Amino acid sequence: QVSPEQVILSHSPLQLFSQFHQRCMLVAGQGPVVENAHNLGFKHVITIDALRKAYPLLDMVDLSRRPKELPPPTTGFPTIEGVILFGEPVRWETSLQLIADVLLSNGNPGAELQDVPYPHLPILACNMDLLWMAEAKMPRFGHGTFLLCLESIYKKVTGRELKYEALIGKPSPVTYRFAQYSILQQAQQQGWKAPIRRLYAVGDNPMSDIYGANLYNNYLKSAQQSQVQAGLKRSPQAASPQAEVSLELRNDCSNSVESCESILVCTGVYRHDSDVPKEPVGTVFHGHRDFCFDPSLLKASHIVQDVDDAVQLAFKKENWS
C-alpha cells in the first residue's frame with residue numbers, strides 16, 4: 001500500500017510557495033491541472049482553455065478555431081497574477097501565444113500592448129526534462145523543450161530574459177530537499193529510530209536525474225560547511241526564492257543526511273553504449289538554461305540495469321539484504 005504522502009511528483013514542492021496560493025494563477029499543462037493546483041494550495045486558477053474562450057481573438061494559428069464573427073468585448077475576467085507551468089501542453093502554439101500575452105500585458109491579455117512590464121509576472125515551472133523516452137526509438141520532446149520555446153519567444157519579442165520565480169523538478173535542489181523532508185517525515189511516522197545517513201536517487205536520464213542527485217549531494221556537502229548553494233548558476237532574482245525554500249526546509253529537516261548517491265538505470269534515455277560528455281566545450285548540454293554545465297555531475301555513483309537492481313543495490317549498501 002503506497003499512500004499519496006509517499007509519492008513526490010515534479011510539482012509537489014509547489015505546496016511550499018504559499019505566497020502565491022491566494023493569487024489568480026494561469027495554469028498550463030495536461031490532465032487535471034485545476035485539481036492539482038487546488039491540492040497544492042492554490043485557491044484561484046484559470047486554465048489556458050478558459051482564457052482562450054474568454055478572449056477568442058488571441059488564438060489565431062488554427063484557422064478552424066478562429067471566431068467566425070467578431071465577439072463582444074470580454075468583461076469581468078479577473079487579472080492574472082502569475083503563471084504555473086505543470087508540463088508540456090497539447091497545443092503548444094496556443095499555450096505559447098496566450099502565456100506570452102499574459103506576460104506582455106501584465107495579466108490583462110485583452111488590453112492593448114504599451115510598455116512591456118519588467119520584471120514580468122512570476123512564473124513557477126515544473127519538470128525541466130528536455131527529452132524523455134517512450135516507445136519510439138528516439139527520445140521525445142519534454143517540458144524542457146516547451147520552456148526553451150517560451151524563453152526564446154520572450155527574448156526575441158522583448159529583448160529580455162524570461163525569469164522564473166522557481167524551477168521545480170529534477171535537477172532542482174529544491175525538489176531533492178523536499179524529497180528528503182518527506183522521507184524523514186515518513187520515517188518518523190513509521191517509528192524509524194535510526195538516523196538516515198544516505199539518500200538514493202534512481203533515474204534513467206543523466207542530464208536530469210543524475211545531474212540533480214549529484215548537485216544535491218554537493219548541496220549536502222556544502223550545507224555541512226554552512227554554504228547554501230553548490231554548482232547552481234542563476235541570477236539573484238531567480239536564485240533567491242529557490243534559496244529561501246531550501247533554507248525553510250533546511251530548518252525543518254534533520255541534519256542526519258550526509259549524502260545522496262545517484263543510481264543510473266539503463267531502461268530509458270540512457271544506454272550502456274551512450275557517451276557521457278567529458279568536457280563542456282563542444283558538447284551538447286540538455287539541462288535547463290539556468291543550470292551551469294558541470295560534466296562531473298553527469299557521472300552516476302552506480303550504473304545498474306533496472307529499478308529492481310537499483311533497489312537491491314541500496315539494500316546491500318545498507319546491509320538490509
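## Exercises on a predicted model

Five strands make up an open sheet, running in the order β2-β1-β3-β4-β7 with parallel pairing. Strands here are DSSP E runs of at least two residues, helices are H or I runs of at least four, and both are numbered from the N terminus. Two strands count as paired if DSSP finds at least two bridges between them.

Ground rules before you start: this is a predicted model, so local features need pLDDT of at least 70, side-chain atom pairs count only at pLDDT 80 or more, and totals for chains, interfaces and linings use all residues. Residues are numbered from 1 along each chain as its sequence is written, and side-chain values use heavy atoms, with hydrogens and water left out.

**Exercise 1. Work out which strands stand at the edges of the sheet, then look at how β1 and β2 pair.**

Step 1: β2 (44-47) and β7 each have a single partner strand, so they stand at the edges and one side of each lacks a neighbour in the sheet. From one strand to the next, the twist averages 20°.

Step 2: β1 (residues 24-28) runs parallel to β2, and 4 bridges link the pair. Pick Val-27 and you'll find its bridge partner in β2 is Thr-47.

Step 3: Now add helix α1 (residues 33-40), which packs on the sheet and touches β1 and β2. The α1 direction makes about 160° with that of β2; axes are lines fitted to C-alpha atoms, for helices over the stretch in contact, and angles run from 0 to 180 degrees between N-to-C directions.

**Exercise 2. Place Lys-170 and describe its surroundings.**

Step 1: Lys-170 sits in the loop between β7 (166-168) and α5 (173-189).

Step 2: With a relative accessible area of 35%, Lys-170 is partly exposed (buried is under 20%, exposed over 50%, partly exposed in between; 1.4 Å probe, protein chains only).

Step 3: Leaving out residues up to four places away in sequence, Lys-170 touches Met-128, Asp-129, Thr-175, Tyr-176, Ser-208 and Asp-209; contact means heavy atoms within 4.5 Å.

Step 4: For a long-range check, Gly-212 is 42 residues from Lys-170 in sequence, yet their C-alpha atoms are 5.6 Å apart.

**Exercise 3. Find the buried residues of α8 and what they pack against.**

Step 1: In α8 (residues 307-317), Ala-310, Leu-313 and Ala-314 are buried. They lie on the same side of α8, because their arc around the axis is only 95°, taken from the directions from the helix axis to the C-beta atoms.

Step 2: The buried residues of α8 pack against β8 (198-203), β9 (259-265) and β10 (302-304).
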